[in-house]
Amino acid sequence: MILLDLNTFIGRLHPVLVHLPIGFLILTVGIEFWVSKTQQKQNQLIASAWFFTFISAVLSAFVGWLLSQNGHYIDSELSLHQWMGIALVVFIGFAWIMSLPNFVVSSTIKNINNGILLVLLLVVGHLGGSLTHGSDFLLEYASEDFQAQESKTEKRSFNEQTPLDSIFVYKNLIQPILSEKCMACHNGSIQRGGLNMLSLEGLLKGGKSGSALVAKNLQKSLLYDRITRSQKDEKFMPPTGTPFTYQEIQLVEWWIEKGANTEPSLAELNLEPRIQRLLLDHYALDTREKPWYETVQLEPLPKKSFTILEEANFSWRTLSSDNPLLDVRFHGSELDAKALLALEEVAPYITWLNLSDSNLQGPQTKVFAKMENLTRLQLQKNPIRVQDLTFLDSLKHLTLLNLHSTLVNNTVLEKVKNLSHLEKLYLWNTRVNPTFIERNRARIPNTTVISGI
């Protein structure tokens with residue numbers, strides 16, 4: 001328990017320490033830009049500045065990693081911030097090495113590295129702010145005209161309500177591209193090269209040069225060959241008008257490699273991440289498996305409900321401006337009847353709940369059964385036992401359960417084995433035997449159990 005709390009305590013220094021490398025970085029880049037490189041003293045000053053920038057960046061990244069272990073952040077959003085932060089540390093290390101007196105590097109390379117650092121700094125800072133304050137943190141108070149300009153896109157958008165099982169790769173994605181780029185010369189009336197592209201059958205039949213499409217074979221598919229040639233090549237297609245974009249080529253390539261089928265809908269396909277990103281960026285189609293709290297549709301709560309929560313020693317926040325589900329945390333010393341009534345008032349709206357160290361008693365846990373949209377539940381440091389967890393049968397969407405420093409024992413694994421979406425289970429400082437966990441890990445194969453450091 002002490003080590004786990006110490007991790008969180010040190011990790012929470014991350015927002016404080018992160019300003020050190022930011023300040024050092026901006027100052028050092030400024031010094032390096034203005035100061036002449038011919039003076040030895042100034043070289044030593046720059047090398048020292050980069051050294052302190054690097055050390056403070058490593059320290060900041062380390063405490064950030066400690067903070068990420070507490071289970072409070074969405075993994076998919078956290079991952080990008082972490083990896084971009086690591087990249088920033090690496091490039092700062094390059095800058096320090098290049099500033100050493102015995103390491104001779106041209107000023108051009110240093111300037112390029114410095115430019116990369118400044119860009120990474122902006123990206124990492126924005127991602128960190130979004131993690132803490134929400135994805136609209138940067139533009140929330142920008143002018144309406146600016147926000148409208150930023151939202152302009154060239155996406156081929158589908159209606160937000162269009163279900164993925166009604167969108168077919170060939171009919172709704174591939175064929176519209178071919179109609180726009182190819183049909184003028186390859187249709188029922190005009191068939192240049194003997195090719196008719198009005199249907200999949202026509203593509204498979206091909207023209208005078210051979211088949212335009214061979215499933216799972218890019219090399220033999222003349223369609224792919226022609227759209228990826230140099231635009232100076234006489235066989236490049238289309239010869240006039242707008243060429244295929246990079247994203248469109250990627251989509252056609254993926255479709256051919258997967259068999260050029262017409263039947264499966266997007267809902268039936270196991271899409272790889274790069275295709276998911278392409279569909280999201282270019283077609284505004286979010287095919288990623290969404291956490292439950294992003295799929296729930298509820299009317300916003302009245303203001304009086306928030307007042308009731310605050311009067312019962314709860315803090316709260318909505319997940320986003322357009323998602324009324326709540327992240328609720330108790331700040332009192334003991335959960336009483338007033339607090340339980342406040343939780344019941346907003347039960348369907350709670351998706352993240354933290355009742356750590358609230359002297360939660362067994363009978364009080366019945367309130368959780370009413371929280372059908374609960375996905376994260378933190379009950380650490382409370383005198384609850386396995387028999388108090390009967391409410392778990394009602395929490396079908398739970399992804400995180402924190403029971404560290406409680407009185408649960410080995411039978412807790414029997415209680416959680418049917419939670420199909422449970423990703424993390426914290427059992428540090430409980431009566432659960434770590435050896436027992438290892439022997440029975442097959443019972444909860446999709447759950448990561450944190451039972452110690």
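Of the 453 residues in this protein, 40% count as buried, where buried means under 20% relative accessible area, exposed means over 50%, and partly exposed is what falls in between (1.4 Å probe, protein chains only). Keep in mind that this is a predicted model, so local features need pLDDT of at least 70 and side-chain atom pairs count only at pLDDT 80 or more, while totals for chains, interfaces and linings use all residues. Residues are numbered from 1 along each chain as its sequence is written, and side-chain values use heavy atoms, with hydrogens and water left out.

On to the overall picture. The protein has 17 helices and 7 strands; these are DSSP runs numbered from the N terminus, with helices being H or I over at least four residues and strands E over at least two. Take the contacts, meaning heavy atoms within 4.5 Å, between residues at least 6 apart in sequence: 58% of them join residues at least 24 apart. The accessible surface comes to about 25600 Å², and 56% of that belongs to carbon and sulfur atoms; the areas come from the Shrake-Rupley method with a 1.4 Å probe, and for residues only the protein chains shown count as cover.

Now for the inside. A nonpolar core here is a set of buried Ala, Val, Leu, Ile, Met, Phe, Trp, Tyr and Cys residues joined through side-chain atoms within 4.5 Å. The largest one has 48 residues, and those touching the most other members are Phe314, Leu353, Phe368, Leu377, Leu403, Val412 and Leu427. At least two residues each come from helix 14 (303-311), strand 2 (323-330), helix 15 (337-345), strand 3 (350-354), helix 16 (412-416) and helix 17 (434-439). Helix 15 gives the most to this core, with 4 residues. Leu377 is a good place to zoom in: setting aside residues up to four places away in sequence, Leu377 touches Leu353, Phe368, Phe391, Leu395, Leu398, Leu400, Leu401 and Asn402. Apart from this core lies another, of 34 residues, including Ile177, Leu223, Ile249 and Leu278.

What about empty space? Rolling a probe the size of a water molecule over the atoms shows where it is left. On a 1 Å grid over the protein atoms alone, a pocket is an open set of points with protein on both sides within 12 Å along at least five of seven lines, and lining residues have an atom within 4 Å of a point. The second largest pocket is lined by 26 residues, and His186, Leu195, Met197, Arg226 and Met237 are the closest to its centre. Helix 8 (169-181) and helix 10 (222-227) are the elements giving two or more residues to that lining, and helix 10 gives the most, with 4 residues.

Met237 also takes part in a backbone oddity: a cis peptide bond joins Met237 and Pro238, with omega at about -5°. Pro238 sits in the loop between helix 10 and helix 11 (246-257). Most residues other than glycine have a negative phi, and most peptide bonds are trans. Asn313, not a glycine, has a positive phi of about 70°; its place is the loop between helix 14 and strand 1 (314-320). Asp357, also not a glycine, has a positive phi of about 55° and is found in the loop between strand 3 and strand 4 (376-378).

Finally, Asp286 lies in the loop between helix 12 (273-283) and helix 13 (292-295). Asp286 counts as buried because its relative accessibility is 19%.

How values were computed: 1 Å grid on protein atoms, 1.4 Å probe; cavity = no way out; pocket = protein on both sides within 12 Å on 5 of 7 lines; lining within 4 Å.
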